[in-house]
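Welcome! Here is a short, friendly tour of a protein model, with the main points grouped by topic. Keep the structure in view as you read.

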Amino acid sequence: ELDMITTLFNNILDSCHKKCIQTNYSEGDLNKGEQVCIDRCVAKYFDVNTKVGLQLQKMEKVTTRK
């Protein structure tokens, strides 16, 4: 389970970093736009991850009933 959480964290980190943070690091802190982007990205990532998990559980229940 720890491996799964670590993988999820690393995927979020990679994906949201690419989408939200400029590659030229001119400041030590995130600017307001980057902060908002990161917040939204992480929230969407967790939302999608939750929806996919629920859908997989439903599919598993249907499969085990057959």
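In this predicted model, cysteine 16 and cysteine 41 are joined by a disulfide, with their sulfur atoms 2.0 Å apart. This pair links distant parts of the chain, since cysteine 16 sits in helix H1 and cysteine 41 in helix H2, 25 residues apart. Searching the whole structure turns up 2 disulfides, and the points below look at each of them before moving on to the core and the helices.

**The link between cysteine 16 and cysteine 41**
- This disulfide is left-handed, with -90° about the S-S bond.
- Are its two cysteines buried or exposed? Both cysteine 16 and cysteine 41 are buried.

**The link between cysteine 20 and cysteine 37**
- Cysteine 20 is joined to cysteine 37 by a disulfide with an S to S distance of 2.0 Å.
- The torsion about the S-S bond is about -70° here, so the link of cysteine 20 and cysteine 37 is left-handed.
- Because cysteine 20 belongs to helix H1 and cysteine 37 to helix H2, the pair ties together parts that are 17 residues apart in sequence.
- Cysteine 20 has a relative accessible area of 9%, and buried means under 20%, so cysteine 20 is buried.
- Cysteine 37 has a relative accessibility of 28%, which lies between the 20% and 50% cut-offs, so cysteine 37 counts as partly exposed.
- Leaving aside neighbours within four places in sequence, cysteine 20 is in contact with Glu34, Cys37, Ile38 and Cys41.

**How the cysteines pair up**
- If you number the bonded cysteines along the chain in sequence order, the pairing reads 1-4, 2-3.

**The nonpolar core**
- Which residues make up the largest nonpolar core? They are Ile12, Cys16, Cys20, Ile21, Ile38 and Cys41, 6 residues in all.
- H1 and H2 are the elements that give two or more residues to this core.
- The largest share, 3 residues, comes from H1.
- As background, nonpolar side chains tend to be buried together in soluble globular proteins.

**Helix H2 from end to end**
- Helix H2 covers residues 32-65, which is 34 residues. At 1.5 Å a residue, H2 should span 50 Å, and its end C-alpha atoms are 50 Å apart, so the expected span and the model agree.
- At the start of H2, a side-chain oxygen of asparagine 31 comes to within 3.0 Å of the backbone nitrogen of glycine 33.
- Glu34, Ile38 and Cys41 are buried in H2, and what covers the buried residues of H2 includes helix H1, residues 2-20.
- Threonine 63 is another residue to find in helix H2. Its relative accessibility is 56%, and exposed means over 50%, so threonine 63 counts as exposed.
- The side chain of threonine 63 reaches the backbone oxygen of methionine 59 at 2.8 Å.

**What the record says**
- An unreviewed UniProt entry lists residues 2-58 as "domain: Tim10-like".
- In this model, residues 2-58 are 81% helix and 0% strand, and the end C-alpha atoms of that span lie 24 Å apart.

Key:
Residues numbered from 1 in each chain as written. Predicted model: local features only at pLDDT ≥ 70, side-chain atom pairs only at ≥ 80, totals over all residues. Heavy atoms only, no water. Helix = DSSP H or I, 4+ residues; strand = E, 2+ residues; numbered from the N terminus. Expected span 1.5 Å × (residues − 1). Buried < 20%, exposed > 50% of the residue type's maximum accessible area, 1.4 Å probe, protein only. Contact = heavy atoms within 4.5 Å. Polar contact = N/O pair within 3.5 Å; in protein donor to acceptor, adjacent residues only side chain to side chain. UniProt positions renumbered as here; feature names shortened; annotations may be inferred. Disulfide = S-S within 2.5 Å. Core = buried A, V, L, I, M, F, W, Y, C linked by side-chain atoms within 4.5 Å.
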